[in-house]
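Colleague: I've got a protein model open and I'm not sure how to read it. Could you walk me through a few features?

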Number of protein chains: 2
Amino acid sequence: MSKHALEEASDNGATDLEDLIGYNLKRAYIIVQSGFRDAQGEGGFSPRVFTALALTVKFPNITQSALARKMGIERSGLVAIVDELESKALLARARVPGDRRVQALVPTEAGQQAYDAAMASVRAHEQDVFSNMSESEKKTLLDLLRKVRKNEVS
Amino acid sequence: MSKHALEEASDNGATDLEDLIGYNLKRAYIIVQSGFRDAQGEGGFSPRVFTALALTVKFPNITQSALARKMGIERSGLVAIVDELESKALLARARVPGDRRVQALVPTEAGQQAYDAAMASVRAHEQDVFSNMSESEKKTLLDLLRKVRKNEVS
DNA sequence: TATTGTTATACTCTATAACTATA
DNA sequence: TATAGTTATAGAGTATAACAATA
């Protein structure tokens, strides 16, 4: 141990909240989510509803259980989300021949358009909230966040 | 516009959820927070209680209003958090001579020790959840997350 | 027996509004 | 008038457990 006494306190990493990745991740996420809601405005999509619509557009005919799994939530929690999107006629629950238990989720034309518009607004919001970062820095952040996800044990 | 037609769809950035920083931020945060709770175990600190204790240790005699501001929550929401920490005798609400409205939060000896132990466990958890990343990558991620926070408008 | 969608229910986190006691 | 702490209340978001229909 050749370090000075004053340095010993942080020998093994963070002793301060501000040095924790998790803490900074939370604070950054709160900022981005809050901006997302502002960008969507009154009657706009909440993050989870936007995610559900986006995945339905990307994977048409996905079942509710599969969508819940992809979103990382319980399938019971998805019911209200799909109800909301169906009530706005942005997607439909379609019967599947061959397995009468499942409901295939299919985006409507209006759903596709609403998704495109919402995505444009989200992109504009991200331009704004990350406006102090270069394209290269944003790419690095994206890659590192993906790497965190990739290491998930579950 | 010299790009191929197939590339035009993503000319201005993300068209896919997976290309949004916000979405990846959320997913990464859920993983880290969930691991935090597992690491703390039964009867352990929730993220927000840990944060409140950490800030009280760092800034002894901070008022409840100031702590709430630092945490980014309403002061009404802090009451239950401080109640919990006080009921476990980890901090005390102290009267302040000169202004009888305020309550200065002071960590107890047990609070300091509980904080040290919890922080050690959080550090171990972060070693684990970011085990596929180099020290350099973790440092970069931390710096970029701080940069996001630094750009906050509000 | 297992799975899909659903309902009922409860818990956590947070916000808003109003109250009190002070300043 | 304004601020600190508090209470009451409501709204998201999520989870668990149970159920009917179907496999």
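Modeller: Sure, let's go through the symmetry, a pocket and one lysine, keeping in mind that this model is predicted.

Colleague: How does chain A relate to chain B?

Modeller: The idea is to lay one copy on the other and see what movement it takes. Here, a turn of 180° with a shift of 0.0 Å along the axis puts chain A on chain B, with an RMSD of 0.0 Å. The two copies are thus related as by a two-fold rotation axis. Leu141(A) is the residue of chain A that comes closest to that axis, its C-alpha being 3.2 Å away.

Colleague: And what surface do the copies meet through?

Modeller: The same one: 100% of chain A's interface residues are interface residues in chain B too, so the copies share that meeting surface.

Colleague: Which helices help line the largest pocket?

Modeller: For a pocket, ask about its space, then about its walls. This one holds about 530 Å³. Helices H2 and H6 of chain A and helices H3 and H7 of chain B each give at least two lining residues, and H2(A) has the largest share, with eight. There are 24 lining residues, and among those nearest the centre are Arg27(A) and Glu152(B). By type, the lining has nine nonpolar, eight polar and seven charged residues.

Colleague: Last one: is Lys138(A) buried or exposed?

Modeller: Look at its relative accessible area, where under 20% means buried. Lys138(A) has 11%, so it is buried. This lysine sits in helix H7 of chain A. Beyond its neighbours within four places in sequence, Lys138(A) contacts Gln127(A), Phe130(A), Met133(A) and, from chain B, Ile21(B).

How values were computed. Residues are numbered from 1 along each chain as its sequence is written. Chains are lettered from A and ligands numbered from 1 in the order in which they are written. This is a predicted model: local features need pLDDT of at least 70, side-chain atom pairs count only at pLDDT 80 or more; totals for chains, interfaces and linings use all residues. Side-chain values use heavy atoms; hydrogens and water are left out. Copies are superposed by least squares on the C-alpha atoms of residues with pLDDT of at least 70 in both. Contact means heavy atoms within 4.5 Å. On a 1 Å grid over the protein atoms alone, a cavity is a set of points where a 1.4 Å probe fits but cannot get out, and a pocket is an open set with protein on both sides within 12 Å along at least five of seven lines; lining residues have an atom within 4 Å of a point. Grid points are joined across faces, edges and corners, and a volume is the space filled by probe spheres set on the points. Helices (H or I, at least four residues) and strands (E, at least two) are DSSP runs, numbered from the N terminus. Ala, Val, Leu, Ile, Met, Phe, Trp, Tyr, Cys and Pro count as nonpolar, Asp, Glu, Lys and Arg as charged, and the others, Gly among them, as polar. Buried means under 20% relative accessible area, exposed over 50%, partly exposed in between (1.4 Å probe, protein chains only).
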